[in-house]
Amino acid sequence: MNLFRIPEPYYNNNIKIAEHFNLSEFTCPCCGRVMLDKRILDYLIEVRQRFGAPVIVTSGYRCELHNLHIGGREDSKHLVGQAVDITKRLTDDLKKFREAVIQTSWKYPIEVVYETDHYHIEVQDENP
Ligand SMILES: [Zn+2]
Ligand SMILES: [Zn+2]
């Protein structure tokens with residue numbers, strides 16, 4: 001059941017932010033707003049480099065309405081641009097993708113959570 005009227009995105013974030021990433025990939029699908037922690041971007045750039053194939057962002061920034069709509073956690077780091085969900089193309093190698101995701105995480109303040117069809121990546125609190 002659709003409880004919310006989801007407006008058309010009204011921001012245009014078609015901005016290249018790295019060789020293989022565009023800001024629009026990280027925007028909230030309902031409103032087009034975006035926040036992105038640079039540590040997430042730096043991490044993704046290295047995963048992309050190790051993997052050698054596209055890293056697909058399935059969820060980046062979420063506004064509160066969208067997070068509620070999809071049943072995200074109330075304290076989700078997607079709400080502040082400190083989390084992304086990523087996957088690979090169907091035809092690319094899963095083992096290689098997993099290795100790139102895990103090995104890169106050792107170098108960044110990043111936590112990786114495997115969620116059946118994607119990896120949830122979030123910035124670790126530096127002073128927990
Ligand atoms: Zn939104
Ligand atoms: Zn997530």
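A residue counts as buried when 20 or more other C-beta atoms lie within 10 Å of its own, and as exposed when 12 or fewer do. The exercises below use that cut-off on a predicted model.

**Exercise 1. Find the buried residues of α3 and decide how they are arranged around the helix.**

Step 1. Apply the cut-off. In α3, the buried residues are Phe-97, Ala-100, Val-101 and Thr-104.

Step 2. Look down the helix axis. The buried residues of α3 fall within an arc of 95 degrees, so they line one face of the helix.

Step 3. Check the other side. There, Lys-95 and Gln-103 of α3 are exposed.

Step 4. Ask what covers the buried residues of α3. The cover includes α1, β5 and β6.

Step 5. Test the length. α3 has twelve residues, which should span 16 Å at 1.5 Å a residue. The end C-alpha atoms of α3 are 17 Å apart, which agrees.

**Exercise 2. Do the same for α1.**

Step 1. List the buried residues. In α1 they are Ile-40, Tyr-43, Leu-44 and Val-47.

Step 2. Place them around the axis. The arc they cover is only 100 degrees, which puts them on the same side of α1.

Step 3. Name the cover. Over the buried residues of α1 lie elements including β2 (21–22), β4, α3, β5 (110–115) and β6.

Step 4. Test the length. α1 has 14 residues and reaches 20 Å from first C-alpha to last, close to the 20 Å expected at 1.5 Å a residue.

Step 5. See what follows the helix. After α1 comes Gly-52, with a positive phi near 75 degrees.

**Exercise 3. Work out which elements build the largest nonpolar core.**

Step 1. Start from the general rule. In soluble globular proteins, nonpolar side chains tend to be buried together.

Step 2. Find the best-connected members. The core has 21 residues, and Ile-40, Tyr-43, Val-47, Val-84, Ile-86 and Ile-121 touch the most other members.

Step 3. Assign the core to elements. Two or more residues come from each of α1 (38–51), β4 (83–87), α3 (94–105) and β6 (118–123). The most come from α1, which gives four.

Step 4. Follow one member outward. Leaving out residues up to four places away in sequence, Ile-40 touches Gln-82, Val-84, Ile-121 and Val-123.

Step 5. Link two of those contacts. Val-84 stands opposite Ile-121 in β6.

**Exercise 4. Determine how β6 pairs with β4 and with β5.**

Step 1. Take β4 and β6. They pair in the antiparallel sense over four bridges.

Step 2. Take β5 and β6. They also run antiparallel, joined by six bridges.

Step 3. Read off the partners. Tyr-114 stands opposite Tyr-119 in β6. Glu-115 stands opposite His-118 in β6.

Step 4. Inspect the turn. The hairpin of β5 and β6 has two residues between the strands, and Thr-116 takes a positive phi near 45 degrees.

**Exercise 5. Classify Arg-73 and Pro-54 by exposure, then compare sequence separation with distance.**

Step 1. Locate Arg-73. It lies in the loop between α2 (64–69) and β4.

Step 2. Count neighbours. Arg-73 has 10 other C-beta atoms within 10 Å, so Arg-73 is exposed.

Step 3. Locate Pro-54. It lies in the loop between α1 and β3 (56–59).

Step 4. Count again. Pro-54 has 13 C-beta neighbours inside 10 Å, so Pro-54 counts as partly exposed.

Step 5. Take one pair for each. Arg-73 and Glu-111 are 38 residues apart in sequence and 16 Å apart in space, C-alpha to C-alpha. Pro-54 and Asp-92 are 38 residues apart along the chain, with C-alpha atoms separated by 8.9 Å.

**Exercise 6. Describe the overall fold and test whether its size agrees with a compact globule.**

Step 1. Count the elements. The protein has three helices and six strands.

Step 2. Put them in order. Along the sequence the pattern is β-β-α-β-α-β-α-β-β.

Step 3. Test the size. A compact globule of 128 residues would have a radius of gyration near 14 Å; the protein has 15 Å, which agrees.

Step 4. Give the box. Along the principal axes, the C-alpha atoms fill roughly 40 × 35 × 25 Å.

Step 5. Add burial and contacts. Of the 128 residues, 26% count as buried. Among contacts with a separation of 6 or more, 60% join residues 24 or more positions apart.

Methods
Residues numbered from 1 in each chain as written. Chains lettered and ligands numbered in written order. Predicted model: local features only at pLDDT ≥ 70, side-chain atom pairs only at ≥ 80, totals over all residues. Rg over C-alpha atoms; globule rule 2.2 N^0.38 Å. Contact = placed C-beta atoms within 7 Å. Core = buried A, V, L, I, M, F, W, Y, C linked by C-beta atoms within 7 Å. Expected span 1.5 Å × (residues − 1). Arc of directions from axis to C-beta. Pairing = 2+ DSSP bridges.
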